[in-house]
Amino acid sequence: MTFNPLRERGIPLDDQLRTWRELAVMPIDPDESDPYTRCRIITMNGLETEAIFFSHNMARHCPDVEMKQQLARVRYIESQQQKAVNWLLPGLASVLETTIAYEQVAVDLTSWVARMEPDPYLRQAYEFGVLEDFDHLYRYANLYEMIEHRRAEKIVDGLTEVMPGRPTYLQHRHPVDNVRQNYDRTVASPISKLHALTIMSTEQQTMNFYMNVGPLYMEPIARQLYQEIGMIEEEHVTHYESLVDPGETWWEMLLNHEYNECYLYHSFMETESDPRIKAIWELHLNMELEHLGLAAEAFKRFDGRDPEQVLAPELPVPVTFEPNKAYLRELLATQIDYTTIGTGYVQEAHERFEAMQRAVLDDEKPASEVVIAENAMKSGHEYRLETEGPHPVQSLRTNRPT
Ligand SMILES: [Fe+2]
Ligand SMILES: [Fe+2]
Ligand SMILES: [Fe+2]
Ligand SMILES: [Fe+2]
């Protein structure tokens, strides 16, 4: 069934306000719920956070008081949506457990996007990035076993494997090499724009999360690991945001943002296994349809163009959380040694890369390596969850069965 959000009516903006009682959502039970429900919550929190920050930025560049007031009205609703969504996360979970779930999102969401992306250059950008977040999952899982004495399979539930990706210390690249070529908004397919916005938003939220929670740990190794991976997320935001065409006007960007919110809520409404959470996705979709309508009006008025010219004629296939094990193993086997140079990729270390490595590592083992060695010492083994056999890269195999 086709669904064109431009043709649907949403909830009138004034009726979207919620009371505190309505915002006091009941969190999911971490032991009972589908790990992918938590992934959808984390994803939508990333999108809502982006909606809020984007709208604030736009307001700071908007000379028209009336339009600033409209942005403020919609943004208040986005803010309430963000509260309703993010407060579904269980207070029972530790920060590190939530961190592991964030990396699971990065792994399975980016894999899905890479698999569905029609443009080969953009697809390469996702394939490149996903092997790095895949490695973060492994580093944090070892930290988790070491300091909380628990195992990450409780969180990822066997849906996502945990083993080395592109080693984190090799991800410290010169900032110049993190800037990609942007798509061309006049020829890029609508799904490519939505993909870029989705991954940019979730990576941005991950970066913000680590920069805020990292110092809350007592253990030096945890503080250091959050710093190190936090710097990679800075690189990832640079990498993904540079895919978006900066030639889009503010009104066009707003339109794409609201459309993407419709797309993701619709996707999750279609794929959600928990009926209570599904009802929230549906409610928020109905709110977003109205936001989209308002953005479309503004786009017509200020850009003098028809929104149907820039948006997809109907929603693409739903974004789906599902295991990507075989796909990731294939990427590990073929792309683990990639790095970037300028806006492209190479398989050998180059001069600027090596200079950056010397500058930040200074011949010392970084936290991402120390955490594996220390956990192996304390727990008697390093932590992995290899459900589909040994690591596809020979040199990254362990000697013991895991
Ligand atoms: Fe929203
Ligand atoms: Fe990551
Ligand atoms: Fe990342
Ligand atoms: Fe919105």
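Good morning. Helices here are DSSP runs of at least four residues in the H or I state, numbered from the N terminus. With that convention, Leu216 can be placed in the loop between H7 and helix H8, which spans 220-241. Please keep in mind throughout that this is a predicted model.

Let me stay with Leu216 for a moment. Is Leu216 buried or exposed? Its relative accessible area is 63%, and residues over 50% count as exposed, so Leu216 is exposed. Leu216 and Pro164 are separated by 52 residues in sequence, and their C-alpha atoms lie 26 Å apart in space.

I turn now to the metal sites, beginning with the iron ion listed as ligand 1. Which residues coordinate the iron ion (ligand 1)? Glu48 contributes two OE donors, while Glu78, Glu261 and Glu288 each contribute an OE atom and Gln81 its OE1 atom, at 1.9 to 2.3 Å. Along the chain, the donor residues of the iron ion (ligand 1) follow the spacing E-x29-E-x2-Q-x179-E-x26-E. The angles among the six donor atoms run from 57 to 172 degrees, and the site of the iron ion (ligand 1) is irregular. For reference, six octahedral donors would ideally give angles of 90 or 180 degrees.

What is 3.3 Å away from the iron ion (ligand 1)? The answer is the iron ion (ligand 4), and Glu78 coordinates both ions. Because Glu48 lies in helix H2 and Glu78 in helix H3, this pair ties together parts that are 30 residues apart in sequence. Glu48 and Glu78 are both buried.

The iron ion (ligand 4) has its own set of donors. Glu78 gives two OE donors to the iron ion (ligand 4), Glu258, Glu261 and Glu288 give one OE each, and His291 gives ND1, at 2.1 to 2.8 Å. The spacing of these donors in sequence is E-x179-E-x2-E-x26-E-x2-H. The site of the iron ion (ligand 4) is irregular as well, with angles of 52 to 176 degrees among its six donor atoms. Here the pair to note is Glu78 in helix H3 and Glu258 in helix H9, so parts that are 180 residues apart in sequence are tied together. Glu78 and Glu258 are buried.

Next, the cavities. How many cavities of 30 Å³ or more does the structure hold? There are four. The largest cavity contains about 140 Å³ of space. Its lining consists of 17 residues, and those nearest the centre are Leu71, Val74, Glu78, Leu254 and Glu258. Two of these names, Glu78 and Glu258, have already appeared as donors to the iron ion (ligand 4). Helices H2 (35-60), H3 (65-86), H9 (250-271) and H10 (275-303) each give two or more residues to the lining of the largest cavity. H3 provides the largest share of that lining, six residues. By class, the lining of the largest cavity has nine nonpolar, four polar and four charged residues.

The second largest cavity has a volume of about 60 Å³. Its lining includes Ile42, Gly46, Tyr102, Val105 and Ala106, together with Thr202, Glu203, Gln205 and Thr206. At least two lining residues come from each of H2, helix H4 (95-116) and helix H7 (190-213). Which helix gives the largest share of the lining of the second largest cavity? That helix is H7, with four residues. The lining of the second largest cavity divides into four nonpolar residues, four polar residues and one charged residue.

Finally, I would like to consider two residues and their side-chain contacts. His136 lies in helix H5, residues 120-148. With a relative accessible area of 0%, His136 is buried. The side chains of His136 and Glu103 are joined by a polar contact of 3.4 Å.

The second residue is Glu272, in the loop between H9 and H10. Why does Glu272 count as buried? Buried means under 20% relative accessible area, and Glu272 counts as buried because its relative accessibility is 7%. The side chain of Glu272 forms a polar contact of 2.7 Å with the side chain of Thr37. Another polar contact, of 2.9 Å, links the side chains of Glu272 and Trp281.

To close, I would return to Glu78, which coordinates both iron ions and is among the residues nearest the centre of the largest cavity. Thank you for your attention.

Terms used
Residues numbered from 1 in each chain as written. Chains lettered and ligands numbered in written order. Predicted model: local features only at pLDDT ≥ 70, side-chain atom pairs only at ≥ 80, totals over all residues. Heavy atoms only, no water. 1 Å grid on protein atoms, 1.4 Å probe; cavity = no way out; pocket = protein on both sides within 12 Å on 5 of 7 lines; lining within 4 Å. Points joined across faces, edges and corners; volume = space filled by probe spheres on them. Nonpolar A, V, L, I, M, F, W, Y, C, P; charged D, E, K, R; others polar. Donors = N, O, S within 2.8 Å, 3.2 Å for Na, K, Ca; no water. Tetrahedral: all angles 85-135°; square planar, octahedral: opposite > 155°, others 65-115°. Buried < 20%, exposed > 50% of the residue type's maximum accessible area, 1.4 Å probe, protein only. Polar contact = N/O pair within 3.5 Å; in protein donor to acceptor, adjacent residues only side chain to side chain.
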